[in-house]
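Visitor: I would like to learn how to read a pocket and its lining. Please take me through one case.

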Amino acid sequence: MGNCLSRQYETPFHIEQTGYNIYSIEELAYYLYHYTAMIDRDFFTEELAAYVEQVLGKRMVAQRMRELMHQKDSVADLILLLVKSADYFDEIELVSLQKKLDERKGESELEKARDRVKALEQLEKYIQAAECCSDILEHAPKHEATPEFLAEMTGELGSIYGKMLKFHAAEAAFRKSMSIYPTPEVRKKMVYLLLIQGRDAEILDFREEFGLTEPVVRECERQFQKTRKIYRETKPSEPPGVEKLKAEYRKENGYH
């Protein structure tokens with residue numbers, strides 16, 4: 001990665017999809033490099049070109065942007081143009097980016113949408129990720145969406161709900177996923193979900209319902225206890241009264 005950084009400007013470019021503000025050409029390049037799954041043709045607007053030209057002072061880059069924006073299938077070229085213009089990434093990193101972009105050209109629209117969901121999760125934009133995932137499941141063409149893909153995305157939706165602490169919705173999504181195409185990964189997620197809620201007694205019924213073996217359950221329990229131990233040892237202290245509020249929430253929502 002290059003070490004030469006330009007100045008940061010007071011006027012940011014706001015990326016509406018993620019809520020990020022960009023203050024320099026390096027920050028823009030960093031965003032494009034690491035979150036290519038988020039980038040489509042709609043990202044490259046005249047507003048962005050004007051920002052690159054007028055605020056960042058990259059007149060030639062903005063001019064080339066506008067030329068590419070009028071061409072078909074130019075997203076990869078636009079990404080490379082802006083990333084290279086920052087002089088921030090080294091040659092090996094640029095080759096890696098080119099390879100990633102080439103691979104994306106061979107992906108279907110459903111696969112690109114799936115990658116976008118995972119990128120939103122990585123950014124902890126769980127509401128947007130859930131909306132994107134739900135949109136895929138609702139509008140995916142039947143002739144393209146295999147049972148395996150639908151099960152994967154439904155399970156992913158369950159994971160997102162879990163991160164949002166919407167445990168009932170997460171369980172419903174996991175169960176639906178397993179009814180479409182059961183996979184070991186989603187079975188394990190369901191076990192973790194039960195453990196998180198303190199519903200250990202229900203795991204036996206779940207094992208019988210979905211054919212989960214005892215060794216797998218035991219491994220999930222070990223991993224859960226290990227993670228919980230680390231969390232308890234490292235978590236910051238909570239303000240007074242928080243534990244009481246949690247207990248009341250669990251009681252009101254049927255958790256034990």
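Guide: Start with the helices, and keep in mind that the model is predicted. Helix H4 (75–85), helix H5 (91–105) and helix H6 (109–122) each contribute at least two residues to the lining of the second largest pocket.

Visitor: How is such a space found, and about how many Å³ lie in the second largest pocket?

Guide: A probe the size of a water molecule is rolled over the atoms, which shows where empty space is left. Here the second largest pocket holds about 400 Å³ of space. Its lining has 17 residues, and those closest to the centre are Asp73, Val75, Ala76, Arg104 and Lys112.

Visitor: How do the residues of that lining divide into nonpolar, polar and charged?

Guide: Of the lining residues of the second largest pocket, 9 are charged, 5 are nonpolar and 3 are polar.

Visitor: Where does Asp73 lie, and is Asp73 buried or exposed?

Guide: Asp73 sits in the loop between helix H3 (59–69) and H4. Its relative accessible area is 67%, so Asp73 is exposed, the cut-off being over 50%. The backbone deserves a look too: phi of Asp73 is near 55°, a positive value in a residue other than glycine.

Visitor: Which value does phi of Glu124 take, and where does Glu124 lie?

Guide: Glu124 is not a glycine, yet its phi is positive, at about 60°. Glu124 belongs to the loop between H6 and helix H7 (126–139).

Visitor: Why does Glu124 count as exposed?

Guide: Because its relative accessibility is 57%, and exposed means over 50%.

Methods
Residues are numbered from 1 along each chain as its sequence is written. This is a predicted model: local features need pLDDT of at least 70, side-chain atom pairs count only at pLDDT 80 or more; totals for chains, interfaces and linings use all residues. Side-chain values use heavy atoms; hydrogens and water are left out. On a 1 Å grid over the protein atoms alone, a cavity is a set of points where a 1.4 Å probe fits but cannot get out, and a pocket is an open set with protein on both sides within 12 Å along at least five of seven lines; lining residues have an atom within 4 Å of a point. Grid points are joined across faces, edges and corners, and a volume is the space filled by probe spheres set on the points. Helices (H or I, at least four residues) and strands (E, at least two) are DSSP runs, numbered from the N terminus. Ala, Val, Leu, Ile, Met, Phe, Trp, Tyr, Cys and Pro count as nonpolar, Asp, Glu, Lys and Arg as charged, and the others, Gly among them, as polar. Buried means under 20% relative accessible area, exposed over 50%, partly exposed in between (1.4 Å probe, protein chains only).
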